[in-house]
Amino acid sequence: CVDGDTAKFKMADGSIKTARFLAIDTPESVHPTKAVEAYGKEASEFTCNLLTKAHSIKIEYDKASDKTDKYGRLLVWVYADNKLVQEMLLREGLAKVAYLYADYEYTSYLQEIEKDAKNKKLKIWSDENITNNMDATEDSDSQDTTSNLIEELFNLIKNFLCDLFNKIIKLLDT
């Protein structure tokens with residue numbers, strides 16, 4: 001267990017790999033430069049309980065995603081006992097849909113679950129938490145937002161060019 005949206009897995013070859021869960025973001029609980037955010041510890045505990053109590057864990061790459069992020073972490077869908085961990089975090093109100101750099105397989109499905117959690121005002125979507133997060137993060141988020149936008153733009157352009165290149169190759173092969 002690392003935090004709500006990151007974990008370490010022992011792979012079939014015996015190696016240990018750190019994995020970042022695709023398409024979601026949970027509140028911070030162990031970030032080296034950020035304070036623990038509301039529901040961060042709860043998200044970490046929820047994920048840790050799911051993974052440590054599971055009889056089986058499966059990770060799956062998304063064909064539209066890079067296999068790793070800039071930190072070398074695997075970017076994956078995570079299943080604990082055949083249940084999608086990202087879905088369960090969203091249903092609990094412990095995560096938001098985020099970091100969408102491509103049209104991932106489960107994006108629209110997860111967005112519907114997030115919408116339901118928002119409507120129910122579960123945990124991170126509670127009025128009190130939204131107000132507190134907005135007040136606490138207004139100043140510090142401007143630099144993070146710019147970096148994230150640049151990274152998102154880069155990834156969108158990269159994915160577009162890769163798709164275009166693959167289509168050109170297919171056309172040339174026919």
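## Val 30 and its partner segment

Val 30 is placed in the loop that runs between strand 3 (24-25) and helix 1 (40-53), in what is a predicted model. With a relative accessible area of 48%, Val 30 is partly exposed, because that class covers values between the buried limit of under 20% and the exposed limit of over 50%.

Although Val 30 and Asp 3 are 27 residues apart along the chain, their C-alpha atoms are separated by 6.7 Å. Once the neighbours within four places in sequence are left aside, the contacts of Val 30 are with Val 2 and Asp 3.

## A buried aspartate

Asp 62 belongs to the loop between strand 4 (57-60) and strand 5 (74-80). Asp 62 is buried and yet has no salt bridge, the nearest side chain of opposite charge being that of Lys 63, which is 7.0 Å away. That separation does not qualify because a salt bridge requires a side-chain nitrogen of Lys or Arg within 4 Å of a carboxyl oxygen of Asp or Glu.

What the side chain of Asp 62 does have is a polar contact of 2.9 Å with the side chain of Trp 77. Trp 77 also appears among the residues in contact with Asp 62 when neighbours within four places in sequence are set aside, together with Leu 22, Tyr 104 and Glu 105.

## Positive phi in two loops

Tyr 99 is not a glycine, yet its phi is positive, at about 55°. This residue sits in the loop between strand 7 (96-97) and helix 3 (107-119), and its relative accessible area of 30% makes Tyr 99 partly exposed.

Lys 121, likewise a residue other than glycine, has a positive phi near 55°. Its place is in the loop between helix 3 and helix 4, and Lys 121 counts as partly exposed at 43% relative accessibility.

## A nonpolar patch and helix 4

On the surface, Ile 157, Leu 161, Leu 164, Ile 168 and Leu 172 make a nonpolar patch of about 470 Å². One of these residues, Ile 168, lies in helix 4, which spans residues 127-173.

Ile 168 has a relative accessibility of 42% and therefore counts as partly exposed. Membership of a patch calls for over 30% relative accessible area, so the 42% of Ile 168 meets that requirement.

Technical notes: Residues numbered from 1 in each chain as written. Predicted model: local features only at pLDDT ≥ 70, side-chain atom pairs only at ≥ 80, totals over all residues. Heavy atoms only, no water. Helix = DSSP H or I, 4+ residues; strand = E, 2+ residues; numbered from the N terminus. Buried < 20%, exposed > 50% of the residue type's maximum accessible area, 1.4 Å probe, protein only. Lys, Arg positive; Asp, Glu negative; His and termini not counted. Polar contact = N/O pair within 3.5 Å; in protein donor to acceptor, adjacent residues only side chain to side chain. Contact = heavy atoms within 4.5 Å. Patch = residues over 30% accessible without salt bridge, like charges linked within 9 Å, V, L, I, M, F, W, Y side chains within 5 Å. Areas by Shrake-Rupley, 256 points an atom, 1.4 Å probe, with all protein chains shown as cover.
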